[in-house]
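Hi,

Here's the structure I promised you. Have a look at it first, then read on for what turned up.

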Amino acid sequence: MFSFIKSMMWFIKKNWYFYVAIVIVGISISLANLLPATIISSLTEAITNATITKDFILKNILLYYLLIMFLIYLVSTTKRVLQNRLKVRLYYALQVRYMENILVQDASFFEQFQAGDLLTRALGDVKSVNFSGSNRLLNIFLEFVTIVVTFIAMLLISPTLTLFSVIPLPIIFFFNFYLKKKVKRNWKEVREEASKMGNVVLESITNVRTIRAFSKEEENYQKNIEYSDRVYKIERRNLKLNVVFQPVFNSITAVATIIAYAVGSFYILDKGMDIDSFVQFTIYLGMFASPLTNIGNLLNNFYQSLISADRINEVYDAKSKVIDSSDASNINHVDKIEFRNFSFKYENDNFYVLKNINLTIKKGETLGIVGKTGSGKSTLVRQLVRQLPICKGELFINGKFIEDFNQESVRSMVSYVPQEHVLFSRSVYQNVALGKADQTSDDEIRHAIELADFAKDIDALPYGLDTIVGEYGVTLSGGQKQRLAIARAFLKNSDILILDDSLSAVDGSTEANIINSLKEYRKNKTNIIVAHRLSAVMAADHIIVLDDGVIIEEGTHEELMRLKGWYYHQYLSQQMEEV
């Protein structure tokens, strides 16, 4: 519990007045709940002494009772309103903090956490922590307050009877401590399996076309059923614990009540205890026993929240390896990019993906990067958008180390079109407009679409620029998705444009149109084209050939053809394929 409170201190410090107000109101409720028992005691005394009258019932019983009930209603409603407001605030704060942490992570984070897992944590685990941080934690404390208040009230009536009555009740706490490990272990398994199920469901939705293409619907359905069944079985095991032990809690409170009646009857007969005092005592005993049972349920749910808190803290505690230095400056233009003896390896790999790269790219140049699959082409260009940490060697922009610049300002200098084109379930217009941070005009959008050679497709779309492209651009072809992503990059028109194998799904004529647009529109800016099809880089000012992370050839198209190395043979092979 204390570790949970410690992990929530960032929110408690900011909203301490809510917690203080709820505690004060909760204590007021505990004290106010003692008052009805005193009225019933007065009524019992009047009945026993045969002094009861209509006037007494109206003034001393009914009127006071209604006033007290109204007071309890007001205080209880205030507590409920405060807790609901706190719950909404906490849920918003948890979600914002969760998303902020995800958005600042580097590529290695997303290799560790899958999308379905992150979604499950954002929905299920955040919700569980929200309930405990706003309701359960406070309610556990307030139930303890009620126990203390009623215990003192019982002691004031009869200390001996109180001690006899509460003897069995602490057993509830022993059962709770026994259950703690089992509940936490089971809930951890539930959440882990729920994350796995979330991954499977997300894969099924995003890859539905591929699943249908290979007639794997039944196999995929059975896979989803298998993961769902795992979650169900573990949750059922958790529910069994509640089903078995909940009656035990009720039985213990029933035993305490029986003891109170037995000992109380003896006190009335032999010790001269007043019946009205005994009635008041039994009411307090019920008020004392009820919180103990409630605490049992609250603690059970709270133990589950501890596991959920650990799971979202894994995301909160994850630190990006690509971080800005305290004195990082902004960059507003790019004149020169330089890799010096640059090498890179991924965190969990034992080998370098890039080895001793020495490369200079000047403003206004177009660089072509080619090579075999897995040779390190994408890894090289991803360094310019600060997706990966610097491992070995140096990367300079304008003669200054790239890590001396603010990440956001570096990325603002780059228009990056990755291999996997990300489109949103919005209109064509809105997807292109994402390329520009500030407001953009219709003419700019249309110009960017023309440069990407997508204008010819607009008329074929049912609603033109207002056509919704669907999740991940599911309604578009591969070539259309690529060109839409390129149009977005043209609209941004940054100092550096990177096309990372972004022309692979377009035909030769379309590719030529885009390359021509790039030459004319971006003649004074830096362009980097990663490609497998050499026709995309033939007109580049400089071309490098990567093999196993090493630059094995470099030069213009004509120079590389004269070398008669990998580039020469690959070019001839592709020309023959086209023929």
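Is R121 buried or exposed? With a relative accessible area of 6%, R121 is buried, since anything under 20% counts that way. Keep in mind that this is a predicted model.

R121 doesn't sit there without a partner: it forms a salt bridge with E314, and their closest N and O atoms are 2.9 Å apart. E314 is partly exposed, at 42%. The two come from distant parts of the chain, R121 from helix α7 and E314 from helix α12, 193 residues apart. Both also belong to a network of salt bridges with shared partners, together with D117, D125, R191 and R311.

The total is 14 salt bridges. Another one joins E193 and R230, with 3.8 Å between the closest N and O atoms. E193 is in helix α9 and R230 in helix α11, so this pair ties together parts that are 37 residues apart in sequence. Here E193 is buried at 13%, while R230 is partly exposed at 31%.

Now for the sheet. It's an open one with six strands, in the order β6-β7-β8-β3-β9-β10, and the pairing is mixed. β6 and β10 are at the edges with a single partner strand each, so one side of each has no neighbour in the sheet. Further in, β3 and β8 run parallel and pair over four bridges; I369, for instance, has V530 in β8 as its bridge partner. Helix α19 packs on the sheet too, touching β3, β7 and β8, and its direction makes about 160° with that of β8.

Have fun exploring!

Note on methods: Residues numbered from 1 in each chain as written. Predicted model: local features only at pLDDT ≥ 70, side-chain atom pairs only at ≥ 80, totals over all residues. Heavy atoms only, no water. Pairing = 2+ DSSP bridges. Contact = heavy atoms within 4.5 Å. Axes fitted to C-alpha atoms, helices over the stretch in contact; angles between N-to-C directions. Salt bridge = Lys/Arg side-chain N within 4 Å of Asp/Glu carboxyl O. Buried < 20%, exposed > 50% of the residue type's maximum accessible area, 1.4 Å probe, protein only.
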